[in-house]
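Here is a walk through one protein model, taken step by step. Please keep the sequence and the 3D view at hand while reading.

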Amino acid sequence: MIQKLMNKLRSLGREGLFHIFGSNVFAKVGGLISSVVVIRGLPKVQYGSFVDADNLYAYIATFLGLGMHNAIKQFCSENISEDRRNAIYGYGSRVGTLGNFLLGGVILLLVEFQRRGGDETAALYLAMMAGLPLVSYFDLYQSAIFRVKLKNTDYAHTNMVYITCHVLGNILMTLLWGVPGLILSQYLAHIIAALYGRRILQKENLYGAIAATPVRLEAGAKREYLSYALVYTLTTFASSVLVLLDVTCLGLVLSSTEILADYKVAATIPSACLFIPSSLTVFYYPKLVRAISESKEKGKQLVRQMAKMYLAVNGFVFVCLELFAPLIIWLIFGEKYTNVVPLFRILSLNFFFSGMRNLTTHVFAALKKLKVNLVFAIVSGLLNIGLNLLLIPSLGSPGAAYATLTVTCFILGLNVVYLRRFFKKP
């Protein structure tokens with residue numbers, strides 16, 4: 001039994017799973033360190049203006065490349081010819097680039113609204129971000145190609161190049177030039193990572209093959225790819241907006257900065273641990289699309305294997321968080337936050353179910369049932385808001401945690417029922 005497990009782990013290691021995990025751990029730790037240094041090094045007012053601008057940019061960034069990198073991961077992972085795959089790469093590049101120019105224009109419009117709102121500094125920072133969609137998409141586009149080609153090691157290396165440049169750039173350039181240096185470091189990190197990824201792909205003459213492909217995509221196929229990308233992006237946007245509204249409810253009902261701080265601390269580690277199921281998804285998703293495109297039975301078998309893996313890994317992390325909750329809070333956040341341990345445990349349980357929901361939502365994406373994902377995202381957000389308004393006045397911040405846990409379990413249950421019925425159909 002042990003030998004079989006070790007052989008399986010070696011096989012996963014050769015396929016790049018641990019490279020993906022390693023790069024994501026490095027990203028989380030590096031991001032935390034750079035955030036602490038940046039926050040400590042900037043005046044509070046200046047940093048507040050940057051946060052204001054960056055939050056607006058975050059909404060726009062959801063639509064990077066109009067989501068065409070997601071369409072590439074889906075349709076190029078299917079069992080199709082290499083020439084058609086190259087044609088989709090080319091289409092994704094053209095549409096995504098055009099979309100990013102449009103996003104840059106939207107950012108400039110928001111700059112004008114920000115300026116009229118009276119925050120000239122935030123407007124200036126947002127204007128400096130207008131070119132970020134273009135350079136960010138080059139990086140995302142090439143990462144999607146690495147995933148399609150199952151080059152998980154190259155994907156992880158490119159990710160680590162980006163994180164290294166991002167962390168060092170954030171620290172050094174912020175110390176030298178403040179917030180403008182912080183924004184400039186984002187440009188440089190994406191450009192350097194994109195150039196590194198391009199160098200790897202050029203060894204296979206990928207871009208030459210894309211330009212020379214004899215396949216011309218049909219109008220119907222283009223509409224399908226673009227529709228998939230846009231619905232995927234809208235689903236992500238709906239989820240992001242509703243999560244922000246969830247936090248807003250807590251602030252509006254309780255009006256206490258201390259309670260918000262407690263909730264933020266309690267949620268930090270369970271939220272950060274979601275990179276674990278996300279890393280599994282990065283590794284398995286192209287395999288899942290390929291299996292489903294071959295036959296429903298192969299897809300069902302792989303989903304079962306993935307479910308076992310997710311249950312084991314998420315379950316192990318959850319047990320560790322539950323058992324060592326007091327020690328974790330005391331070591332990382334200090335004595336003054338030990339009161340958040342019960343809240344931390346509720347959100348740790350939510351992490352377990354959220355990790356499983358991560359699997360089911362990506363199975364829907366692989367099945368091209370994005371409208372189901374979109375409906376569930378909207379329903380979950382609305383339920384979350386309703387339960388927050390119902391539970392927070394009587395239970396306080398634990399009410400928000402219970403609301404999130406209840407909605408996560410409810411939507412996960414709906415996902416499982418839907419998928420079981422789908423795979424049972426002949």
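In helix H4, the residues Met 68, His 69, Asn 70, Ala 71, Ile 72, Lys 73, Gln 74 and Phe 75 are buried. Eight of the eight residues of this helix, which runs over 68-75, are buried, so H4 is largely enclosed by the rest of the structure. The model discussed here is a predicted one.

Next come the charged side chains. Side chains of opposite charge can pair when their charged atoms come close. How many salt bridges does the structure hold? The structure holds 13 salt bridges. One of them joins the side chains of Glu 82 and Lys 149, at 3.7 Å from N to O. Glu 82 belongs to helix H5 (residues 82-116), while Lys 149 sits in the loop between helix H7 (132-148) and helix H8 (152-177), so this pair ties together parts that are 67 residues apart in sequence. Glu 82 is partly exposed, at a relative accessible area of 39%, and Lys 149 is also partly exposed, at 26%.

Helix H5 contains a salt bridge of its own. In it, the side chains of Glu 112 and Arg 116 meet at 3.4 Å, N to O. Because Glu 112 and Arg 116 are four residues apart in H5, about one helical turn separates them. Glu 112 is partly exposed, with a relative accessible area of 33%, whereas Arg 116 is exposed, with 68%.

A further salt bridge is found in helix H14, where Glu 297 and Lys 300 lie three residues apart, about one turn of the helix. The distance between their side chains is 3.6 Å, N to O. Glu 297 counts as partly exposed, with a relative accessibility of 41%. Apart from this pair, salt bridges with shared partners join Glu 82, Arg 85, Lys 149, Lys 151 and Glu 204 into one network.

Helix H14 also takes part in two surface patches. The first to consider is a patch of positive charge, where Lys 296, Arg 304, Lys 308, Arg 420, Arg 421, Lys 424 and Lys 425 gather on the surface. Helix H14 (296-323) and helix H18 (397-424) each supply at least two residues of this positive patch. Lys 425 is located in the segment after H18 and is exposed, with a relative accessible area of 55%.

The other patch is nonpolar. Val 319, Leu 323, Phe 324, Leu 327, Trp 330, Leu 331 and Ile 332 form it on the surface, and together they have about 730 Å² of accessible area. Both H14 and helix H15 (325-333) supply at least two residues each. Which helix gives the most to the nonpolar patch? H15 does, with four residues. Val 319 comes from helix H14, and at 41% relative accessibility it counts as partly exposed.

The last topic is cysteine. How many disulfides does the structure hold? The number is zero. Cys 273 shows why a bond is missing at its position: the closest cysteine sulfur, in Cys 320, is 9.5 Å from the sulfur of Cys 273, too far for a bond. Cys 273 counts as buried, with a relative accessibility of 13%. Cys 409, on the other hand, is partly exposed, with a relative accessible area of 30%.

Key:
Residues numbered from 1 in each chain as written. Predicted model: local features only at pLDDT ≥ 70, side-chain atom pairs only at ≥ 80, totals over all residues. Heavy atoms only, no water. Patch = residues over 30% accessible without salt bridge, like charges linked within 9 Å, V, L, I, M, F, W, Y side chains within 5 Å. Areas by Shrake-Rupley, 256 points an atom, 1.4 Å probe, with all protein chains shown as cover. Salt bridge = Lys/Arg side-chain N within 4 Å of Asp/Glu carboxyl O. Lys, Arg positive; Asp, Glu negative; His and termini not counted. Charge placed at Lys NZ, Arg CZ, Asp CG, Glu CD. Buried < 20%, exposed > 50% of the residue type's maximum accessible area, 1.4 Å probe, protein only. Disulfide = S-S within 2.5 Å.
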